[in-house]
Amino acid sequence: MNWFSALFKKEEKEIIDPMKKFLIVGLGNIGADYVNTRHNIGFKVLDHLAKKESLSFQTAKLGDVAEYKIKGRTLILLKPNTYMNLSGKAVHYWMEKEKIAKENVLVITDDLNLAFGTIRIKSKGSDGGHNGLKNIQLVLNTTEYPRFRFGISDDFKKGRQVDYVLGEWDEEEKAKLPERLDMAVEVINSFALAGLNNTMNAYNGK
């Protein structure tokens, strides 16, 4: 039975291979009031992926979680339930629980500095004033983790930033959102299958 035991151990090792496991974090705020707001684009991207792949989120510690498998890779999809300002707590917990290295984490967030729907993937960077990224940086004690910024534009009057970010998409944005969400799903798949650098080259600026 030694060969059987060896085979089982080999398969077990492949299942938990850290290079094939990823944590995809969509940032947002929980609650009905936030569902369709610009700030919740991270949740919206993961919900779109889950719908396309017939996945179900389950409420777990510090967030709603779904498992997505694609071509030998396992992606843990996480929507933190900590509210945006404490996102780091959930990210850190699931990184530790699933033994996922920071290089295999992708954080999806809104970005005021990019035109609506524009995609920018980076391997590291500042928080850019984003409270979710700020807390993740604080908890992980690093700025070196991949992030996927989804542009929401800065079409608001002076002093109205909070209202704009926490406001709902306008009709023109709603019409364009499905195509943008499809591309966001492509980005996630590419990150897991082709790697960060190839994904940046293929999708940045689109």
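User: How many helices and strands does the chain have, and what pattern do they follow along the sequence?

Analyst: In this predicted model, the chain holds seven helices and seven strands. When these elements are read along the sequence, they give the pattern α-β-α-β-β-β-α-β-β-α-β-α-α-α.

User: Why can the chain be called as compact as a globular protein of its length?

Analyst: The globule rule gives 17 Å for 206 residues, and this is the value to compare with the chain. The C-alpha atoms fill a box of roughly 70 × 30 × 30 Å along the principal axes. The chain is as compact as a globular protein of that length because its radius of gyration is close to the rule's value, at 17 Å.

User: What share of the residues counts as buried, and what share of the contacts with a separation of 6 or more joins residues 24 or more positions apart?

Analyst: A residue is called buried when its relative accessible area is under 20%, and 48% of the 206 residues count as buried. Among contacts with a separation of 6 or more, the share that joins residues 24 or more positions apart is 69%.

User: How far apart do the centres of the positive and negative side chains lie?

Analyst: The chain carries 31 positive side chains and 27 negative ones. Each of these two sets has its own centre, and the distance between the two centres is 4 Å.

User: How many salt bridges does a search of the whole structure find?

Analyst: A pair counts when a side-chain nitrogen of Lys or Arg lies within 4 Å of a carboxyl oxygen of Asp or Glu. Glu-173 and Arg-38 make one such pair, at 3.1 Å from N to O. For the whole structure, the search finds a total of 10.

User: How many residues apart in sequence are the parts that Glu-173 and Arg-38 tie together?

Analyst: The side chains of Glu-173 and Arg-38 meet in a salt bridge. Glu-173 lies in helix 6 (residues 171–193), whereas Arg-38 lies in the loop between strand 1 (21–26) and helix 2 (41–52), so the pair ties together parts that are far along the sequence from one another by 135 residues. Glu-173 is buried, with a relative accessible area of 6%, and Arg-38 is also buried, with a value of 6%. The separation in sequence asked for is 135 residues.

User: In the salt bridge between Lys-79 and Asp-47, which residue is buried and which is partly exposed?

Analyst: The closest N and O atoms of Lys-79 and Asp-47 are 2.6 Å apart. Lys-79 lies in strand 4 (residues 73–80) and Asp-47 in helix 2, so this bridge ties together parts that are 32 residues apart in sequence. With a relative accessible area of 11%, the buried residue is Lys-79, while at 34% the partly exposed residue is Asp-47.

User: Which residue of the salt bridge between Glu-179 and Arg-180 is buried?

Analyst: The closest N and O atoms of this pair are 2.9 Å apart. Glu-179 is partly exposed, with a relative accessible area of 43%. At a relative accessible area of 12%, the buried residue is Arg-180.

User: Which residues does Glu-98 touch, leaving out those up to four places away in sequence?

Analyst: Glu-98 has its place in helix 3 (residues 87–98), and it is buried, with a relative accessible area of 17%. Once residues up to four places away in sequence are set aside, Glu-98 touches Lys-21 and Ile-76.

Key
Residues are numbered from 1 along each chain as its sequence is written. This is a predicted model: local features need pLDDT of at least 70, side-chain atom pairs count only at pLDDT 80 or more; totals for chains, interfaces and linings use all residues. Side-chain values use heavy atoms; hydrogens and water are left out. Helices (H or I, at least four residues) and strands (E, at least two) are DSSP runs, numbered from the N terminus. The radius of gyration is taken over C-alpha atoms; the globule rule is 2.2 Å times the number of residues to the power 0.38. Buried means under 20% relative accessible area, exposed over 50%, partly exposed in between (1.4 Å probe, protein chains only). Contact means heavy atoms within 4.5 Å. Lys and Arg count as positive and Asp and Glu as negative; His and the chain ends are not counted. The place of a charge is taken as NZ of Lys, CZ of Arg, CG of Asp or CD of Glu.
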